[in-house]
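Colleague: Could you take me slowly through this model, one question at a time?

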Amino acid sequence: MSTELRVEKVSKSFPGVNALNEVNLTLKGGSVHALLGENGAGKSTLIKIITGVYRADSGSLKTNGEEKFFESPVEATHAGIAVVHQERNLIPEFSIEENITLHNPPTRLGIVDQSERTRMAKEALQTLGFEIDLQERVKNLSVAQMQLVEIAKALVTHAKIILLDEPTASITNAETVKLFKVIKNLKDSGSAILFVSHKLEEVYEICDTVTVLRDGESILQSQPLENYKQSEVVDAMVGRHLTDRKVELREVNRNVMPVLELVDVQTALGHEKISFSLYPGEILGMYGLVGAGRSELARSVLGLHKITSGEVKLNGQVVHIKTLRDALHIHHIGYVTENRKEEGLFLTFPVRKNISITVLSRILQKLGIISFQKEDAISSKYVERLGIKVVDNNQLAGTLSGGNQQKVSVAKWLAAETNILIIDEPTVGVDVRTKASFHELIIELANTGLSIILISSDLPEMITIADRILVMRDYELVDNIHNIKDYPTISRAVMTAIHPV
Amino acid sequence: MNFKLFFKHRATELSLTIIFVVGFALLVATSGGVLLTRQSLQGFLTYLAVPIVIGMAQMVVLAIGQMNLAVGAMGGVSAAIMAVLMADHHLPIWLALLIGFLSATAVGAINGALVVITQLNGFIITLGTMTILLGFQYRLVRTFTVDSYPKSLPDFGNKNILGFPLILVIAFVTSVLLSLFFSRTVTGRQVLATGGNHIAARLSGISNGRSVFIAHTLSGSLVGIAAIITISSLPGINRSIGGDWMLASFAAPIIGGVLMAGGTVAVFGTVVAAGVVRLVDIARAQYSLDPSIVSLTVGIVVLSTVALSEWRRRSSQRALEGKKDAK
């Protein structure tokens with residue numbers, strides 16, 4: 001019997017978010033299947049359900065006719081499913097061959113059989129046409145090399161069902177060519193392959209069938225790819241939804257001195273010729289795929305990475321921002337980070353102390369002692385303004401719900417009263433209601449004159465609130481779109497900039 | 001005022017206070033009131049001062065998520081310097097004590113600077129300085145006991161204020177000031193922020209290097225104060241001074257509710273925990289138990305406290321996860 005994996009009506013919700021809604025997907029032996037969708041459409045969640053990392057709420061999974069959800073990734077491996085996840089799953093201190101055979105190291109009399117291990121790893125790497133010292137520690141490898149080790153790790157299990165989550169995101173063209181050769185070999189030997197990628201050209205080169213996810217629903221279900229033009233696939237990915245949302249065009253006066261201007265900026269991270277201006281009260285969107293270099297650009301402007309050439313001007317003056325401290329206290333630029341729980345919050349602090357941390361020097365009384373009265377006043381003000389649900393200001397931030405934690409970490413930047421606020425992915429992982437209130441808040445802040453750079457991978461969000469959208473690809477700005485807030489027009493313009501046809 | 005929240009946040013301090021009071025009462029009852037005599041009460045309180053202050057010295061480093069293994073060695077050397085300066089070089093008491101205090105502070109500052117410069121963990125750095133200092137302490141006092149210093153020093157150590165030993169009052173005042181430092185000063189808050197989440201701290205414009213340097217320096221100063229207390233309350237200084245400080249310095253803050261991961265201090269908790277440890281000591285003397293009983297008991301209490309707080313943290317985390325995205 002030929003290999004088959006069938007996902008039927010699988011649903012999964014995280015509190016407040018419907019990650020997957022009755023999704024169907026069929027993988028067949030001897031065929032490469034593309035899984036497409038925007039960031040957050042549910043691709044990774046689906047892969048995690050197939051491999052037993054997450055538990056589905058409902059629906060069924062059939063592997064070679066047997067109906068069963070896997071309880072753990074180990075079970076999925078035993079059933080012949082191998083996966084290359086988007087995030088690295090290698091042990092840096094281990095050698096390449098140890099990593100490749102990690103799932104199931106060969107043993108003799110209970111002791112690891114070193115020569116057999118070497119042989120297995122060598123064989124897997126040979127299929128990939130990748131030559132390297134097998135004893136090298138993984139931490140010394142480049143990102144692309146790690147990706148190949150990751151793929152070899154999947155090959156060594158001789159799995160018949162192989163899930164590749166963006167395998168080409170960080171490898172070179174030459175390596176991609178080799179990888180595609182391997183995929184074709186695997187396909188010819190009867191394996192079923194799932195291929196997730198944002199690069200449509202690659203998808204058309206290697207895939208036979210396609211499933212498109214949008215907001216957790218399968219819009220195209222296991223269709224032959226040759227029946228669809230690239231533009232039709234893009235339409236399926238972005239959809240024409242959310243048109244009922246009220247969007248207003250904002251007036252931004254661009255005949256004044258920009259508050260922030262970048263001229264031909266080049267960074268140590270590889271940004272080339274970045275030029276743009278941010279005007280008072282403007283919401284400037286920065287869109288791009290994960291890895292396009294948006295957060296990295298923001299962090300470079302803030303002094304976290306080196307700017308190697310070009311000029312950064314604040315209100316017309318050329319500045320050299322060396323540390324975040326200077327960015328905040330001298331230049332009044334705030335940065336609301338993407339990983340707000342990990343990078344934006346002091347879990348062991350009460351809400352009050354979390355909010356005041358950026359303004360401590362402004363709330364002192366005699367002898368440099370912090371005034372609890374002023375601290376309470378300032379934190380209450382923002383708790384109220386953002387509608388943060390707390391018992392009182394002394395509640396520990398670690399005991400708040402996710403959405404409220406997000407708000408607390410934003411509150412400290414509002415308290416800092418900056419002139420420019422860079423907001424990175426404001427609504428990742430927040431529910432619909434909180435999302436809408438965040439959008440209102442951002443617009444309200446801009447209306448009071450704050451200039452905002454909004455980094456987001458959520459296209460509907462971008463089109464709803466940004467005044468202009470900068471599109472970034474591979475560390476370059478590829479387009480600067482005046483957002484007329486008409487979803488079909490703008491989404492098409494953005495997608496065309498990202499995936500030039 | 002929200003009392004439920006207050007009790008929840010102060011759970012550790014409250015239960016420790018109850019344990020202390022009950023334990024004290026038990027000891028008084030079973031000893032037939034001997035513990036309440038002026039002399040034994042004086043002894044109990046006098047020897048409580050050092051555990052409190054070295055607990056604080058460890059606490060400020062735990063606040064940034066690091067450890068200071070050199071607390072004992074720093075104290076030993078600092079006390080030895082004071083003793084030798086007075087006995088062999090006949091320096092005035094105040095000057096000898098000041099120099100000893102400043103040396104402890106300087107070693108703390110060196111620890112902090114090394115951590116910042118090398119980017120190594122404080123554990124490794126202080127392990128190194130500890131070893132160096134132990135050698136130095138031996139060179140200073142060899143196998144002798146230095147005790148030929150002016151009589152006015154032990155007099156100072158035996159002074160009472162309103163019925164409390166002066167040195168215990170010093171320990172209490174130090175604790176109160178430290179508590180104020182962490183809750184009411186910009187620098188104290190920034191040090192805690194570094195310990196709580198160094199990335200968030202950096203993004204909030206805080207210099208983590210400065211926080212680390214300050215925490216280690218402050219730890220050194222507190223050890224210096226502990227050394228002053230020691231030399232004025234003990235009959236003499238030898239190479240064993242400070243030898244039993246390390247476990248004690250960790251025990252008080254950890255039992256008192258300070259997180260190993262950093263970002264918290266618990267001054268009151270640490271003081272009460274030092275009192276509880278002291279009670280175990282008293283109980284040993286009272287019932288002539290083997291000294292190993294004390295180490296055993298303190299060790300078990302430390303382990304179970306850490307296990308309990310970790311379990312509490314996880315269960316509250318799980319309760320929270322239930323409401324949130326599993327990612």
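The questions below go through the contact between the chains, one helix and the nonpolar core of this predicted model.

Colleague: Which helix of chain A gives the most to the side of chain A that touches chain B?

Modeller: The contact takes 35 residues from chain A and 26 residues from chain B. On the side of chain A that touches chain B, the elements giving two or more residues are helix 10 (324-329), helix 11 (340-343) and helix 14 (402-415) of chain A. The one that gives the most, with 4 residues, is helix 10 of chain A.

Colleague: By class, how many residues on the side of chain A that touches chain B are nonpolar?

Modeller: That side of chain A has 13 polar and 6 charged residues. The remaining class there is the nonpolar one, and its count is 16.

Colleague: Why is helix 9 of chain A described as largely enclosed by the rest of the structure?

Modeller: A residue counts as buried here if 20 or more other C-beta atoms lie within 10 Å of its own. In helix 9 of chain A, the buried residues are R294(A), S295(A), L297(A), A298(A), S300(A) and V301(A). Helix 9 of chain A is largely enclosed because the buried part of its 8 residues comes to 6.

Colleague: Which helix of chain B gives the most to the largest nonpolar core?

Modeller: The largest nonpolar core has 234 residues, and among those that touch the most other members are F195(A), I452(A), V53(B) and A226(B). F195(A) itself touches residues including V32(A), L164(A) and I206(A), leaving aside those up to four places away in sequence. The element that gives the most to this core, with 13 residues, is helix 12 (residues 208-233) of chain B.

Key: Residues numbered from 1 in each chain as written. Chains lettered and ligands numbered in written order. Predicted model: local features only at pLDDT ≥ 70, side-chain atom pairs only at ≥ 80, totals over all residues. Contact = placed C-beta atoms within 7 Å. Nonpolar A, V, L, I, M, F, W, Y, C, P; charged D, E, K, R; others polar. Buried ≥ 20, exposed ≤ 12 C-beta atoms within 10 Å, placed from the backbone. Core = buried A, V, L, I, M, F, W, Y, C linked by C-beta atoms within 7 Å.
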